[in-house]
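Here is a quick walk through a single chain, from its overall layout down to a few spots on its surface. Have a look at the sequence and the model first.

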Amino acid sequence: KVIDEDELNEDLVQLEPEGMRLVSCGPHFDVVLKRTRFADFGIYREAAQIPRQVKGVKRKNIERNAIGDRVGRIHMHKQDFAKLQTRKMKGLKTPKKNIKAPTTTTT
């Protein structure tokens, strides 16, 4: 990005009856580019590296939502709902077949 000279100088806007006027009020800088060639590729690559602590490690299937909470996606096998343990209720029981009536013997 090229820095414009107006970005480095501070000016104050004064309102007068004729209109507005800019009055310099802050620090002034003159920017001069002294180095006109790049460093060799090895030194440039080493200087441009981002440390691992700053960059962080990408973790798969974990994201942050708009609020900032951590949201993850897990992968599971398809569940068999017949084997799923639920509360046992009499109305949901499957009737047992081939139940023999109890026989009573008198002696």
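## Overall layout

The chain's secondary structure adds up to three helices and four strands. Going along the sequence, these elements come in the order α-β-β-α-α-β-β. Keep in mind that this is a predicted model.

## Burial and contacts

How much of the chain counts as buried? Of its 107 residues, just 1% do; the bar here is under 20% relative accessible area. The accessible surface comes to about 12500 Å², and carbon and sulfur atoms own 55% of that area.

The contacts are worth a look too. Take those in the chain with a separation of 6 or more: residues 24 or more positions apart account for 0% of them.

## A nonpolar patch on the first two strands

Which residues form the nonpolar patch on the surface? They are Val13, Leu15, Met20 and Leu22, and together they have about 490 Å² of accessible area. Two elements each give two or more residues to this patch: strand E1, covering 11–16, and strand E2, covering 19–24.

Leu15 makes a handy example from the patch. This residue sits in strand E1. Its relative accessibility is 70%, so Leu15 counts as exposed, the cut-off being over 50%.

## The one salt bridge

How many salt bridges does a search of the whole structure find? It turns up one. The partners are Glu16 and Arg21, whose closest N and O atoms are 2.9 Å apart.

Are these two partners buried, exposed or something in between? Glu16 has 30% relative accessibility, so it counts as partly exposed. Arg21 comes in at 43%, which means that Arg21 is partly exposed as well. Both values fall in the range between the buried limit of 20% and the exposed limit of 50%.

## A positive patch of lysines

There is a charged patch on the surface as well. Lys88, Lys90, Lys93 and Lys96 form this positive patch.

Where does Lys88 lie? You'll find it in the segment after strand E4, the strand that runs over 70–72. Is Lys88 buried or exposed? With a relative accessibility of 71%, Lys88 counts as exposed because that value is over 50%.

Technical notes: Residues are numbered from 1 along each chain as its sequence is written. This is a predicted model: local features need pLDDT of at least 70, side-chain atom pairs count only at pLDDT 80 or more; totals for chains, interfaces and linings use all residues. Side-chain values use heavy atoms; hydrogens and water are left out. Patches are made of residues with over 30% relative accessible area and no salt bridge: like charges are joined within 9 Å, nonpolar side chains (Val, Leu, Ile, Met, Phe, Trp, Tyr) within 5 Å. Accessible areas come from the Shrake-Rupley method with a 1.4 Å probe; for residues, only the protein chains shown count as cover. A salt bridge is a side-chain nitrogen of Lys or Arg within 4 Å of a carboxyl oxygen of Asp or Glu. Buried means under 20% relative accessible area, exposed over 50%, partly exposed in between (1.4 Å probe, protein chains only). Lys and Arg count as positive and Asp and Glu as negative; His and the chain ends are not counted. The place of a charge is taken as NZ of Lys, CZ of Arg, CG of Asp or CD of Glu. Contact means heavy atoms within 4.5 Å.
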